Amino acid sequence: MACDKMPQFILFPKTENTLSRLRNLQAGRVNKKILIDAIGFLLIALVVVAGYKLSPILLPKSDVTVLPDTRCDLHKEICGATLPDGGRLELSFGTRPIPLVKPFRVEVKVTGNAAKSVAIDFDGVDMKMGLNRPLLRNEGAGLFAGEVTLPVCITGAMEWQATVLLETAGQSIAIPYRFTSGVHQ
Ligand SMILES: [Cu+2]
């Protein structure tokens, strides 16, 4: 009656060899399944971690967003913004109108507020143009400067957003400026 309790033994010769081979085969299948599950899980974890790490790179992170003065044209003039805790910021480009493909100087002047660092992020409003975010050098007395080169847009005219990213002791402030490029000059 031992056979009734272990019906699988009827189907296979009762040799130790076959049984151990069967066990190895089953163990192998289980191991393979666990391995595939583990790889799947690791891939998902990798995507989640990469997405989390990349998100502040792709979308500049800030505590406050301040809109610049309206009706200011960066192609022609210096454009200011009033900072949340008082103080002013002025953005200007060394070459005007703003050129494409040729590098130009970017200047940010901060007054009435201690800036720790200033970067500027250039991207298309309706078109992702890749990461273009120079960190500006501190030239002293609240002046931060650097160089940037903008690519030509294949569709011709396009709207750009130049977001000044200002780090002060207390907070990070984003000031999104807009301008259009590729219009015949
Ligand atoms: Cu474009």
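User: Which residue of E4 is the bridge partner of Phe 93?

Analyst: The model is a predicted one, and a bridge is read by looking across from one strand to its neighbour. In this case Phe 93 has Val 106 as its bridge partner in E4.

User: In which sense do E3 and E4 pair, and over how many bridges?

Analyst: The pairing of E3 with E4 is antiparallel and extends over six bridges.

User: What joins E2 to E3?

Analyst: E2 and E3 also run antiparallel, and four bridges join them. Thr 82 finds its bridge partner in E3, namely Arg 88. Five residues lie between the two strands of this hairpin, and Gly 86 takes a positive phi near 80 degrees there.

User: What is the order of the strands in the sheet that holds E2, E3 and E4?

Analyst: Order is read from strand to adjacent strand, not along the sequence. Here the sheet is open, has five strands in the order E2-E3-E4-E7-E6, and shows antiparallel pairing. E2 and E6 (137-140) have a single partner strand each and stand at the edges, so one side of each lacks a neighbour in the sheet. On average, neighbouring strands of this sheet are turned by 25 degrees against each other, direction ignored.

User: How many bridges join E6 to E7?

Analyst: E7 comprises residues 143-148, and three bridges join it to E6 in an antiparallel arrangement. Arg 137, for instance, has Ala 145 in E7 as its bridge partner. The loop between E6 and E7 contains Ala 141, which has a positive phi of about 55 degrees although it is not a glycine.

User: Is Ala 141 buried or exposed?

Analyst: The reading rests on a count of C-beta atoms, and a residue with 12 or fewer others within 10 Å is exposed. Ala 141 has 8 other C-beta atoms within 10 Å, and is therefore exposed. Gly 140 lies in strand E6 and counts as exposed because it has 7 C-beta neighbours inside 10 Å. Between Gly 140 and Lys 109 the sequence separation is 31 residues, while their C-alpha atoms are 9.8 Å apart in space.

User: Which other residue has a positive phi although it is not a glycine?

Analyst: Arg 71 has a positive phi of about 60 degrees. Its place is the loop between E1 and E2. Arg 71 counts as exposed because it has 5 C-beta neighbours inside 10 Å.

User: Where is there a cis peptide bond?

Analyst: A cis bond is recognised from its omega angle. The bond from Arg 96 to Pro 97 is cis, with omega near -5 degrees. Pro 97 belongs to the loop between E3 and E4.

User: What is the order of the open sheet of four strands?

Analyst: Its order is E1-E9-E8-E5, and its pairing is mixed. E1 (64-65) and E5 stand at the edges with a single partner strand each, so one side of each is left without a neighbour in the sheet. E5 and E8 are antiparallel and pair over nine bridges. Ala 119 stands opposite Leu 165 in E8.

User: Which residues touch the most other members of the largest nonpolar core?

Analyst: A core is read from its members and from the elements that supply them. The largest nonpolar core has 25 residues, and those touching the most other members are Leu 89, Val 108, Val 118, Ile 120, Val 164 and Leu 166. At least two residues of this core come from each of E2 (79-82), E3 (88-93), E4 (104-111), E5 (115-124), E8 (158-168) and E9 (172-181). With five residues, E8 gives the most to this core.

User: With which residues is Val 164 in contact, leaving aside its neighbours within four places in sequence?

Analyst: Val 164 is in contact with Leu 89, Leu 91, Val 108, Val 118, Ile 120, Ile 175 and Tyr 177, once those sequence neighbours are set aside.

User: How many helices and strands are there in the chain?

Analyst: The chain has three helices and nine strands. From the N terminus on, its elements run α-α-α-β-β-β-β-β-β-β-β-β. Of its 185 residues, 16% are buried. Among contacts between residues at least 6 apart in sequence, 57% join residues at least 24 apart.

Key
Residues are numbered from 1 along each chain as its sequence is written. This is a predicted model: local features need pLDDT of at least 70, side-chain atom pairs count only at pLDDT 80 or more; totals for chains, interfaces and linings use all residues. A nonpolar core is a set of buried Ala, Val, Leu, Ile, Met, Phe, Trp, Tyr and Cys residues joined through C-beta atoms within 7 Å. A residue is buried if 20 or more other C-beta atoms lie within 10 Å of its own, exposed if 12 or fewer, and partly exposed in between; C-beta atoms are placed from the backbone. Two residues are in contact if their C-beta atoms, placed from the backbone, lie within 7 Å. Two strands pair if DSSP finds at least two bridges between them. Axes are lines fitted to C-alpha atoms, for helices over the stretch in contact, and angles run from 0 to 180 degrees between N-to-C directions.
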